[in-house]
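I opened a fresh page for this protein and kept a record of what I looked up, entry by entry.

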Amino acid sequence: MKSQPIVGAAVFTAVMEAAGYRCQCSGECGQPHTKGNGRCRHEHDHYTSKHGRRVRLMAAPADPLATDVVAARLAASELRAWCPDCHGAAARRARRQLPPTPTDQCGLFDL
């Protein structure tokens, strides 16, 4: 492994070793990942393609909508390895599946 974060390196390394330094997305992003047998093929510090960018995996909660405060309190066993593409897509997909918020906000400025 060529790169790792300075802060939380022990947690990051534990998550990456458990994941085999490979993104653990298995379709939460909306992609079936058929070429990777149902799992994202992105590996830490590898390139996405011949002219692509270098992939930097992150250790993040399995729930992509978890707040930073919640994520900071989780143990390494409760985190997953995510590539930025899958994590972002999974968060967008999870937000779309949330129940709609009411537009009628009764409260402070009602006259």
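How many helices and strands does the protein have? I count 3 helices and 2 strands, and reading along the sequence I find them in the pattern α-β-α-β-α. I am working from a predicted model, so I looked up the confidence before anything else, bearing in mind that local features here need a pLDDT of at least 70.

Confidence. I noted an average pLDDT of 87 for the protein, with 86% of the residues scoring at least 70. Among the elements, I found the lowest mean pLDDT, 90, in helix H2 (residues 68-73), and the highest, 96, in E2.

Burial and contacts overall. I read that 29% of the 111 residues of the protein count as buried. Taking the contacts between residues at least 6 apart in sequence, I found that 51% of them join residues at least 24 apart.

Helix H3. I checked the length of H3 (residues 84-96) against expectation: at 1.5 Å a residue its 13 residues should span 18 Å, and because its end C-alpha atoms are 18 Å apart, the two values agree. I then asked which residues of H3 are buried. I listed Cys86, His87, Ala89, Ala90, Ala91 and Ala94, and I saw that the buried residues of H3 pack against strand E1 (58-61) and strand E2 (79-82).

Leucine 57. I placed leucine 57 in the loop between H1 and E1. Is leucine 57 buried or exposed? I recorded a relative accessible area of 5%, under the 20% cut-off, and therefore entered leucine 57 as buried. Leaving aside its neighbours within four places in sequence, I found leucine 57 in contact with Phe12, Met16, Tyr21, Arg22, Cys23, His42, Glu43, His44, Ala81, Trp82 and Cys83. I also looked up the pair leucine 57 and aspartate 85, which are 28 residues apart in sequence and 9.7 Å apart in space, C-alpha to C-alpha.

Backbone angles. I noted a positive phi of about 50° at histidine 33, although histidine 33 is not a glycine, and a positive phi of about 55° at asparagine 37, which is not a glycine either. I located histidine 33 in the loop between helix H1 (9-19) and E1, and asparagine 37 is likewise found in the loop between H1 and E1. As for accessibility, histidine 33 counts as buried because its relative accessibility is 14%, whereas asparagine 37, with a relative accessible area of 75%, is exposed. Setting aside neighbours within four places in sequence, I listed Cys25, Ser26, Gly27, Gly38, Arg39, Cys40 and Cys86 as the contacts of histidine 33; Cys86 I had already entered among the buried residues of H3.

Largest pocket. I read a space of about 280 Å³ in the largest pocket. Which residues lie nearest the centre of the largest pocket? Of the 17 residues that line the pocket, I found His33, Cys40, Arg41, His42 and Thr48 nearest its centre. Sorting the lining by class, I entered 6 nonpolar, 6 polar and 5 charged residues. Looking back over my entries, I see that His33 lines this pocket and has Cys40 among its contacts, while His42, also in the lining, is one of the contacts of leucine 57.

Terms used. Residues are numbered from 1 along each chain as its sequence is written. This is a predicted model: local features need pLDDT of at least 70, side-chain atom pairs count only at pLDDT 80 or more; totals for chains, interfaces and linings use all residues. Side-chain values use heavy atoms; hydrogens and water are left out. Helices (H or I, at least four residues) and strands (E, at least two) are DSSP runs, numbered from the N terminus. The expected span of a helix is 1.5 Å times one less than its number of residues. Buried means under 20% relative accessible area, exposed over 50%, partly exposed in between (1.4 Å probe, protein chains only). Contact means heavy atoms within 4.5 Å. pLDDT is the predictor's confidence in each residue, from 0 to 100. On a 1 Å grid over the protein atoms alone, a cavity is a set of points where a 1.4 Å probe fits but cannot get out, and a pocket is an open set with protein on both sides within 12 Å along at least five of seven lines; lining residues have an atom within 4 Å of a point. Grid points are joined across faces, edges and corners, and a volume is the space filled by probe spheres set on the points. Ala, Val, Leu, Ile, Met, Phe, Trp, Tyr, Cys and Pro count as nonpolar, Asp, Glu, Lys and Arg as charged, and the others, Gly among them, as polar.
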